[in-house]
Amino acid sequence: MIENTFEFKHWFTENFEQFISNLNGESWESVNSLRREAMVNFSNLRLPTVKDEEWKYTNITPILKETFKPVHAKSTIPKDEIEKFLFDDKENILLVFLNGYYVEELSRLKGVLKGVQIGSLAAAIKGNSPLIAKHLGKYADYKEHIFTALSSAYSRDGAIIFVPAGKIVESPIHILHISDAREEKILNLPRNLYVLGENSQASIIEHFVSTEESTYLTNTVTEIFLDRNAVLNHVKIQEESKKAFHIAHVGVDQERSSNFVSHTFLFGAELSRNDYITRFNDEGGECTLNGLYLIDGKRLCDVHSTIDHAMPHCNSHEHFKGILDDESRGVFNGKVLVRKDAQKTNAFQENNNIILSKSALVNTKPQLEIFADDVKCSHGATIGQLDYDALFYLKTRGIGHEKAKAILIHAFASDVVRSVTIENSKSHIENILIQKFDKNLN
Amino acid sequence: MEKMLEIKNLYVSVEGNEILKGINLSVNTGEVHAIMGPNGSGKSTLAQVLAGREDYEITAGEIFYKGKNLLEMAPEDRAREGIFLAFQYPVEIPGVTNTNLLKTAVNEIRKYNGLESMDALEFLSFLKERMKLVELDQSLLSRAVNEGFSGGEKKKNEIFQMAVLEPKLAVLDETDSGLDIDALRIVANGVNKLRSKDNATIVVTHYQRLLNYIIPDFVHVLYNGKIVTSGGKELALELEEKGYDWVKEHAAELAAG
Ligand SMILES: Nc1ncnc2c1ncn2[C@@H]1O[C@H](COP(=O)(O)OP(=O)(O)OP(=O)(O)O)[C@@H](O)[C@H]1O
Ligand SMILES: [Mg+2]
């Protein structure tokens, strides 16, 4: 095991110079110094084990056993292969990434307002966009998180979105991250950056899918900066292959009175680890983190969140629900940090889980660290089974056992789904749920 | 007139406590039976057993429904074969609308009987027609099942579901309790409209009052897990007059006949 750990780190340290020298035109010094600094952090940081408090229930050994390597060249796939991942045919803005690279011919950019930038991070780096120097690497800490350090060292492509002050992007921006590991076990490193200027508004859907049920690793980092009064409606749908690994870090910085609304749906992956780290840099901010994880088999889903109430008068609402079947395992760790000066903070957190089998397990831990005295904070966690009385009631109305179960599970999940306001992504999520629950019914 | 339900020497335990202690009851098509008795006598237990509640243990006895061994049937199959229980305490189901519940139920039952599903429009007009029967407020259709319903609304909703599912054997467990007189009349009217010579009703109640509206053919008094006496509709009046203490005091004599 120790040997493998060494090799994973060794491979990426060894091949780093090679990676840098292969970048042509995407290597302005500002970016390269970030990459190099992150590489130093990566080599100095230790890969986490279950002895680390933050990784207590999530053993990454299965990841280290494999040799996942980044893909060096752009590729493409036929258009009809991505059809099933699209929400509908009316989507105006679609960014397609294949194994971490932007695929222009599959993407759509209809009706994008002047001044709004939506596209490939690699292209922005190549064009020496000032956004890069100003924002890249600023909102997702790579000094403590080894996988974020890896992403930062090897950052190359991903989605970049910039909405200038006062602009409103009406159409939802659908970002499709496809992994195609049919040929080899790849490491997919999408690196995303969303910057919303003062009073601007956008809706972004990060959608992770794969061409087949193959084994690969996605290590993705999304950095978000919301300037004063900006509103970002964020949805993440993770439908990775059930044999894949998914490690994600979303880092958010919120300026005065900005509003971050996020809904996360975690359906896929053998093992997934999702870190949300948000910070209020000024007063009046709102942050909503909702989500649903639905897993079965021997899979594991880990959600870690930190909401940093660094300033007074900010509100956060977090509600994650989990549905666990078979021998699956869920981990929820919700940290709410209310710093000394953050008076008048409202922070609410809730984690509810339903266990469908005797062997499924959830470790849920609220972690409230409150240093201010005039605050309203609450948290709650539940782990339960399907309500027997409700199940019986449905059956006495002629509804069969499996269908009755499906109805109740669906109902349990429904409030999280209902609170999604991006309609086309909501129906996509609904359809996933219907397919999952009705699979053995008709 | 055919035999619909036959309960023979039924013993039931709940969590190790014997609740029903040798129930015998026979119900024919076209009949209305009232089961009365003091609190805790086992009325709801009997009703739940008929509906197929799995955590109630049948320690002895048999139940036949339309000639079939009822105890071998899953709750959903009992419902599909025409048994309906109006719950004393209807269950709240957040996230599932009344319409959705009924649509699924109707189509599951139709499928069981080899019929096509009803389409949405057809179903909606059917619902609306049935709603009139119990004067149910239309807004309750799109609300989550029983969630936040008043006591009366819950009871009405049970009868509404019954009207939609058109059972052969309806078991109404204290559907009258907590209803004001107007609501009681509406509920009773609904039940009466659904009566026919082909189906049967078991009305579980504490009070004689409901039986002024739903006239029973037989009245049974359940006490301490046993039917201690049975009679015609006049037994309900007698019971009302003498009170349940009379039953308790004379249980032994009554049982002896
Ligand atoms: N889940 C249970 N566990 C243990 N005892 C139970 C359970 N359910 C019912 N009982 C007991 O069984 C007995 C019969 O209850 P049941 O609900 O059938 O009475 P009932 O005649 O319907 O009363 P009521 O008029 O109050 O509705 C009571 O003593 C009750 O406490
Ligand atoms: Mg009762």
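Q: What makes the pair of S41(B) and ligand 1 a polar contact?
A: Let's start with the distance. In this predicted model, a backbone N or O atom of S41(B) is 3.2 Å away from an oxygen atom of ligand 1. A polar contact needs N or O atoms within 3.5 Å, so this pair qualifies.

Q: How do you know that the side chains of E15(B) and E174(B) also make polar contacts with ligand 1?
A: The test works in the same way here. The side chain of E15(B) has an N or O atom 3.3 Å from a nitrogen atom of ligand 1, while E174(B) places a polar side-chain atom 3.1 Å from an oxygen atom of ligand 1. Both values fall within 3.5 Å, so both pairs count.

Q: Which residues are the closest to ligand 1, and how many surround it?
A: Ligand 1 has 15 residues around it, and the closest are G40(B), K43(B), S44(B), T45(B) and Q88(B).

Q: Why is the pair of R397(A) and E158(B) called a salt bridge?
A: Side chains of opposite charge can pair when their charged atoms come close. For R397(A) and E158(B), the closest N and O atoms are 2.8 Å apart. The cut-off is 4 Å, so the pair is a salt bridge. Between chain B and chain A, the count is three salt bridges.

Q: What makes up the interface of chain B and chain A?
A: Across it there are 11 residue pairs in polar contact, both residues being at pLDDT 80 or more. On the side of chain B that touches chain A, helix 3 (98–112) of chain B is among the elements that give two or more residues. Helix 3 of chain B also gives the largest share, six residues. By type, that side of chain B has 18 nonpolar, six polar and eight charged residues. Together, chain B and chain A bury about 2000 Å², with 62% of it on carbon and sulfur atoms.

Q: Why does the pair of E17(A) and R36(A) tie together parts that are apart in sequence?
A: First the distance: E17(A) and R36(A) have their closest N and O atoms 2.9 Å apart, and they form a salt bridge. E17(A) belongs to helix 2 (residues 16–22) of chain A and R36(A) to helix 3 (residues 29–44) of chain A, so the pair links parts that are 19 residues apart in sequence. Over all chains, the whole structure has 35 salt bridges.

Q: How do you know which residues supply the most of the area that domain 1 of chain A buries against domain 2 of chain A?
A: Begin with the two parts: chain A is divided into domain 1 (2–282) and domain 2 (386–442). Their contact takes 18 residues from domain 1 of chain A and 13 residues from domain 2 of chain A. About 1200 Å² is buried between these domains, and carbon and sulfur atoms give 74% of that area. H263(A), F265(A) and F267(A) supply 41% of what domain 1 of chain A buries there, more than any other three residues.

Q: What polar contacts and salt bridges are counted between domain 1 of chain A and domain 2 of chain A?
A: There are zero salt bridges between domain 1 of chain A and domain 2 of chain A, but three residue pairs are in polar contact, both residues being at pLDDT 80 or more. On the side of domain 1 of chain A that touches domain 2 of chain A, strand 10 of chain A gives the largest share, four residues. The residues of that side are 10 nonpolar, four polar and four charged.

Terms used:
Residues numbered from 1 in each chain as written. Chains lettered and ligands numbered in written order. Predicted model: local features only at pLDDT ≥ 70, side-chain atom pairs only at ≥ 80, totals over all residues. Heavy atoms only, no water. Domains from an automatic or database assignment. Contact = heavy atoms within 4.5 Å. Buried area = accessible area lost by both parts, 1.4 Å probe. Salt bridge = Lys/Arg side-chain N within 4 Å of Asp/Glu carboxyl O. Polar contact = N/O pair within 3.5 Å; in protein donor to acceptor, adjacent residues only side chain to side chain. Nonpolar A, V, L, I, M, F, W, Y, C, P; charged D, E, K, R; others polar. Near = heavy atom within 4 Å.
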